[in-house]
Amino acid sequence: MRDLMLIALYALLGAGAAGLLGAAALRILRQRSVAVSLAVVAAVAVSAMLAGTLAVAWAMFLSSHDLAVVTMVVAMAAVVSLATALLLGRQVVRRCRELVGAARSFGEEGTFTAPLLPAPAEFVALSRELALTSERLAVSRERERALESSRRELVAWISHDLRTPLAGLRAMSEALEDGVAADPARYHRQMRTEVDRLNSMVGDLFELSRIHAGALVLSPTRMSLYDLVGDALAGADALAREHGVRLAGENVAPLPVEVDGKEMTRVLSNLLVNAIRHTPADGTVAIAAERRADSVVVSVTDACGGIPEEDLPRVFDTGWRGTPARTPPSGAGLGLAIVRGIVEAHAGRADVRNVSGGCRFELTLPVPVG
């Protein structure tokens, strides 16, 4: 037993010395190619075996012939190990270069194409992650292009919608100033109407800017959806009468929701106003609410005749108005964008789909806990 312990000790000392030298070599060469590191690792393994063998042979006083045989065997193993390490290193370096080229192409062209040659599992996993990142970036770029397009459209439409009432206000003020207005009272009423329109537009822009900046602060309270819808219907009743549109809200269940009453009333008012303006006279705008699984769904259905299928994904985009030549009363295309922003701030979702004779806007809100 004592002899085995001495043999183990001598082998450990010899192999440990080779290992320390190998660790120092790896530290010095840590910035070199991985092929060099693999060759060093193979050399350390063989050197450790050779050093341990020589130490044990010296301690056991082996004959020179036996020592030469052992040394030759270890040397052959060293040659094979180094050759294998260099071959593996070349393969790894080649795969690394292919991956670097694909990554460089990713940075220049924005799309990542994984190398086709077989590669180690780690490189395959890295390629897969880069491919997923490429897909996410492509989706992000597409979303950014859509947002930029919406911003350009918004600026163009807002400029047009602001210029029209401002030009009218200027003309009416000059007529009043020159004393050529046949009916000053009518001019004053018209100026008040235009000022209200401008004030509403500026308010919508301010609300939308708060939503996009993440500065919309909610004060949620538990309330009945029946009361919330009732307030929105009362506020839209005058506009509905003016357009000859019937409002229907009998199918609203008294479901509890936890929302900011002021902001959610604005959401429902925007939907009702939008529905009324696009529903022909003698048409009906219906609002309903129901419980679905773990959410509450509020829907507003109009009789607008439907929205083209290709336009449905853009309905809630900032500045979208369906056609570029809507008349000024249809607004600046901010109402539905505000609807989506406020609903999403409540951890909800806004959707739209066509139904028979019109379209239905649905607001999905989470059910309050407790």
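# A tour of the predicted model

Among contacts in the chain between residues at least 6 apart in sequence, 68% join residues at least 24 apart. The model in your viewer is a predicted one, and its chain contains 8 helices and 7 strands. Of the 370 residues, 32% count as buried.

**The sheet**

Begin by selecting the strands S2, S4, S5, S7 and S6, which in that order make up an open sheet of 5 strands with mixed pairing. At its edges you will find S2, residues 246-248, and S6, each of which pairs on one side only. From one strand to the next the twist averages 15°.

Now colour S2 together with S4, residues 284-292: these two run parallel and are joined by 3 bridges. To see how they are set against each other, display Arg 246, which stands opposite Thr 284 in S4.

Moving across the sheet, select S5, residues 295-301, whose run alongside S4 is antiparallel and is held by 7 bridges. One pair worth displaying here is Ile 287 with its bridge partner in S5, Val 300. The connection between S4 and S5 is a hairpin that leaves 2 residues between the strands, and in its turn Ala 293 has a positive phi of about 50°.

On the way to S7, residues 358-366, the pairing with S5 is again described by 7 bridges and an antiparallel course. Val 296 and Leu 365 in S7 can be selected together, since the former stands opposite the latter.

**The enclosed strand**

Stay on S5 and show its side chains. Is this strand enclosed by the rest of the structure or not, and how many of its residues are buried? Because 7 of the 7 residues of S5 are buried, the strand is largely enclosed by the rest of the structure. In a regular strand the side chains alternate between the two faces of the sheet. Here Ser 295, Val 297, Ser 299 and Thr 301 point one way, while Val 296, Val 298 and Val 300 point the other way, and all of them are buried.

**Helices on the sheet**

Next add H6, residues 225-243, which packs on the sheet and touches S2, S4 and S5, with a direction that makes about 180° with that of S2. Then add H7, residues 261-277, which lies across S2, S4, S5 and S7 and runs at about 170° to S7.

**The cavity**

With these helices still shown, turn to the empty space inside the model. Rolling a probe the size of a water molecule over the atoms shows where empty space is left. A search of the whole structure finds 1 cavity of 30 Å³ or more, and about 30 Å³ of space lies in the largest cavity. To locate it, select Leu 225, Leu 228, Met 264, Leu 268, Val 298, Leu 363 and Leu 365, which line it. The elements that give two or more residues to this lining are H6, H7 and S7. What classes of residue make up the lining? There are 7 nonpolar residues, with no polar and no charged ones. Two residues of the lining, Val 298 and Leu 365, have already appeared on this tour: Val 298 among the buried residues of S5, and Leu 365 opposite Val 296.

**Helix H8 and what follows**

Select H8, residues 335-345, and within it the buried residues Leu 336, Ala 337, Ile 338, Val 339, Gly 341, Ile 342 and Val 343. These buried residues pack against H5 (184-212), H7, S6 (349-355) and S7.

Just beyond, in the loop between H8 and S6, lies Ala 347, whose phi is near 65°, a positive value in a residue other than glycine. Ala 347 is exposed, with a relative accessible area of 61%.

A similar selection can be made in the loop between H7 and S4, where Asp 282 has its place. The phi of Asp 282 is near 70°, again positive in a residue other than glycine, and at 60% relative accessibility Asp 282 counts as exposed.

**A last stop on H5**

Finally, select Glu 194, which is found in helix H5. Is Glu 194 buried or exposed? Because its relative accessibility is 11%, Glu 194 counts as buried. Leaving aside residues up to four places away in sequence, Glu 194 touches Pro 165, Leu 169 and Met 172, so display these three residues with Glu 194 to close the tour.

Note on methods
Residues numbered from 1 in each chain as written. Predicted model: local features only at pLDDT ≥ 70, side-chain atom pairs only at ≥ 80, totals over all residues. Heavy atoms only, no water. 1 Å grid on protein atoms, 1.4 Å probe; cavity = no way out; pocket = protein on both sides within 12 Å on 5 of 7 lines; lining within 4 Å. Points joined across faces, edges and corners; volume = space filled by probe spheres on them. Helix = DSSP H or I, 4+ residues; strand = E, 2+ residues; numbered from the N terminus. Nonpolar A, V, L, I, M, F, W, Y, C, P; charged D, E, K, R; others polar. Buried < 20%, exposed > 50% of the residue type's maximum accessible area, 1.4 Å probe, protein only. Contact = heavy atoms within 4.5 Å. Pairing = 2+ DSSP bridges. Axes fitted to C-alpha atoms, helices over the stretch in contact; angles between N-to-C directions.
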